[in-house]
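Me: I would like to go through this model by question and reply. Please keep each reply short and end on the value or name asked for.

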Amino acid sequence: MNKFEITHYNSYDRGRTFINKNILVLTPLAQFPAVKTKFDSDMATFETAILKQAVAIGMDAANKVIIKNILGTTVIKHVHRGWIQALLLGETKMAMSLNFPLSYITTASDKLAESRATDLKAFLDANKGTLTEIKAANITEMEDVIAKYSAALTLPETDIKERKTEGTDVIAQSIVTLEQDKLMISRLIRAELPSLAAGWDNETRIGQPKGMRHTSIRVHYTDADTGVPLKGVVTTVSNGDKSFVCKSTSRGWSRFYSLDSDNWTMTSEQKTFETDTKTNIGVDDEHKATFEIKLQKKSVIVDGGGSTPAPTGYGNGYGTMYNSVNLEPIANGLVFLDKVADPIETDDDGSWGNDHIPADCKTIRGTADGYANYFKNISITPDDDNEIDLPMDPVDDGPTPPDA
């Protein structure tokens with residue numbers, strides 16, 4: 001996708017979000033349901049064309065964000081429908097298995113996003129007898145978008161004619177059609193709900209939304225060894241529902257403007273440097289978060305005169321902390337992972353988990369009252385489950401049992 005197509009897609013996607021936020025006041029308007037149905041159908045055509053056009057080779061960060069957003073939006077809308085019905089039916093455990101935000105897919109690595117979408121689709125399919133809101137057509141829709149997403153990541157750049165017919169030409173026509181849809185919605189809002197008109201215009205403007213912009217987060221990247229600014233670092237910020245991406249400038253700066261008041265997570269990635277993650281970044285209109293991040297070069301393992309890059313990506317880690325003598329689980333212990341900023345507290349059954357462990361994480365450490373510290377060298381397999389238990393040696397007799 002070129003810049004023209006990307007800015008138009010982002011405009012329509014923001015419009016879709018605006019509609020969803022105001023759906024209760026828009027739905028009663030006599031002509032709105034028909035207009036929204038057409039808009040949704042045309043967006044589906046546009047997104048299908050984007051997926052057909054996309055290829056992994058040379059695909060930049062902006063395209064990947066859009067493609068992953070299409071995957072996440074399609075799957076999570078059905079996940080949320082299933083979650084609501086599960087809660088209404090009193091199926092608490094089932095609801096917990098569906099309680100995921102859009103960012104669960106959109107902020108995951110490429111293959112992990114595909115894996116998560118596939119797992120959620122499979123769960124809905126397996127439980128559609130209970131979740132009657134989930135129809136066979138919904139499962140087919142998710143399967144189709146997952147297949148297209150997978151192809152977009154792996155498809156070789158070969159059949160140019162097919163991609164032009166099914167992708168580029170349809171994208172151009174979709175933009176023309178969606179511009180007309182946008183105009184219909186705009187005129188309907190102006191006629192029936194003029195108080196929403198300014199908000200609609202602001203969100204659907206091509207390019208950045210209008211209004212006074214304020215800097216919410218700014219980051220300066222340098223090489224930890226040389227101190228030189230780093231260009232092209234891909235910075236992703238997410239609050240669980242929304243994600244934004246930008247690349248650092250030639251002077252090493254990335255800036256995010258007018259973010260919602262919330263706690264944000266920021267991930268900084270560059271293929272030759274270690275990934276950096278910052279969590280719990282508080283943002284509101286009164287505060288600007290500034291970071292000076294010195295990225296470390298990825299280490300290499302030299303073997304037989306050659307060099308192998310350090311592993312990259314993320315894996316899912318989980319396990320149990322338990323007493324090595326009586327095998328009882330240990331609650332409220334702390335699990336520390338190399339490259340992960342915050343420790344993980346074990347649950348009542350001693351379990352711990354983290355689905356975003358850097359592949360170059362090499363050590364795990366456990367602490368708990370009444371037990372000697374535990375340390376182990378580990379290896380994380382990217383885009384996969386990694387089970388790591390922590391057997392803790394009690395100090396003397398260990399902690400006094402609660403019922404003693």
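**A buried loop residue and its surroundings**

Reply: A359 has a relative accessibility of 2% and counts as buried. The model is a predicted one.

Me: Where does A359 lie?
Reply: A359 comes after strand 13, which covers residues 351–358. Strand 14 covers residues 363–367. A359 therefore combines a buried position, at 2% relative accessibility, with a place in the loop between strand 13 and strand 14.

Me: What is the C-alpha to C-alpha distance between A359 and Y314?
Reply: In sequence, A359 and Y314 are 45 residues apart. In space, their C-alpha atoms are separated by 5.1 Å.

Me: How many helices and strands does the chain have?
Reply: The chain has 404 residues, and 41% of them are buried. Its secondary structure comes to 10 helices and 17 strands.

Me: What share of the contacts with a separation of 6 or more joins residues 24 or more positions apart?
Reply: The pair A359 and Y314, 45 residues apart, exceeds a separation of 24. Over the chain, the share of such contacts that joins residues 24 or more positions apart is 64%.

Me: What part of the accessible surface belongs to carbon and sulfur atoms?
Reply: The accessible surface of the chain comes to about 21,300 Å². Carbon and sulfur atoms hold 52%.

Me: At what angle do helix 1 and helix 3 pack?
Reply: Helix 1 spans residues 3–21 and helix 3 spans residues 32–53. Their axes are 11 Å apart, and the crossing is left-handed. The packing angle is about 145°.

Me: How many charged residues are in the contact of helix 1 with helix 3?
Reply: Helix 1 contributes E5, Y9, Y12, D13, R16 and I19. Helix 3 meets them with F32, K36, F39, M43, F46, E47, I50 and Q53. By class, the contact has 8 nonpolar residues, 1 polar residue and, as charged residues, 5.

Me: How far apart are the axes of helix 1 and helix 10?
Reply: Helix 10 covers residues 197–204. Helix 1 packs against helix 10 at an angle of about 150°. The distance between their axes is 8 Å.

Me: Which residues of helix 10 make the contact with helix 1?
Reply: On the side of helix 1, the contact is made by S11, R14, G15, F18 and I19. The residues of the contact divide into 3 nonpolar, 4 polar and 2 charged. From helix 10 come G199, W200, E203 and T204.

Me: Is K68 buried or exposed?
Reply: K68 is found in helix 4, residues 61–88. Leaving aside neighbours within four places in sequence, K68 is in contact with I105, T106, A108, S109, D110, A113 and Y149. Its relative accessible area is 9%, which is under the 20% cut-off, so K68 is buried.

Me: What is the C-alpha separation of A117 and V79?
Reply: A117 is found in helix 7, residues 110–126, and is buried at 0% relative accessible area. Its contacts beyond four places in sequence are L71, V75, I105 and I146. V79 is 38 residues from A117 along the chain, and their C-alpha atoms are separated by 9.8 Å.

Me: What is the relative accessible area of T222?
Reply: T222 has its place in strand 1, residues 215–223. Beyond four places in sequence, T222 is in contact with G227, V228, P229, L230, E292, I293, K294 and L295. T222 is buried because its relative accessible area is under 20%, at 4%.

Me: Is L327 buried or exposed?
Reply: L327 lies in the loop between strand 10 (314–323) and strand 11 (334–337). Its phi is near 65°, a positive value in a residue other than glycine. The relative accessible area of 58% is over the 50% cut-off, so L327 is exposed.

Me: What is phi of K339 near?
Reply: K339 has its place in the loop between strand 11 and strand 12 (344–345). At 47% relative accessibility, K339 counts as partly exposed. Its phi is positive although K339 is a residue other than glycine, and is near 80°.

Me: How many disulfides does a search of the whole structure find?
Reply: C246 counts as buried at 19% relative accessibility, and C361 counts as buried at 0%. A disulfide is a covalent bond between the sulfur atoms of two cysteines. For the whole structure, the number of disulfides found is 0.

Notes
Residues numbered from 1 in each chain as written. Predicted model: local features only at pLDDT ≥ 70, side-chain atom pairs only at ≥ 80, totals over all residues. Heavy atoms only, no water. Helix = DSSP H or I, 4+ residues; strand = E, 2+ residues; numbered from the N terminus. Buried < 20%, exposed > 50% of the residue type's maximum accessible area, 1.4 Å probe, protein only. Contact = heavy atoms within 4.5 Å. Areas by Shrake-Rupley, 256 points an atom, 1.4 Å probe, with all protein chains shown as cover. Axes fitted to C-alpha atoms, helices over the stretch in contact; angles between N-to-C directions. Left-handed = near helix turned anticlockwise from the far one by under 90°. Nonpolar A, V, L, I, M, F, W, Y, C, P; charged D, E, K, R; others polar. Disulfide = S-S within 2.5 Å.
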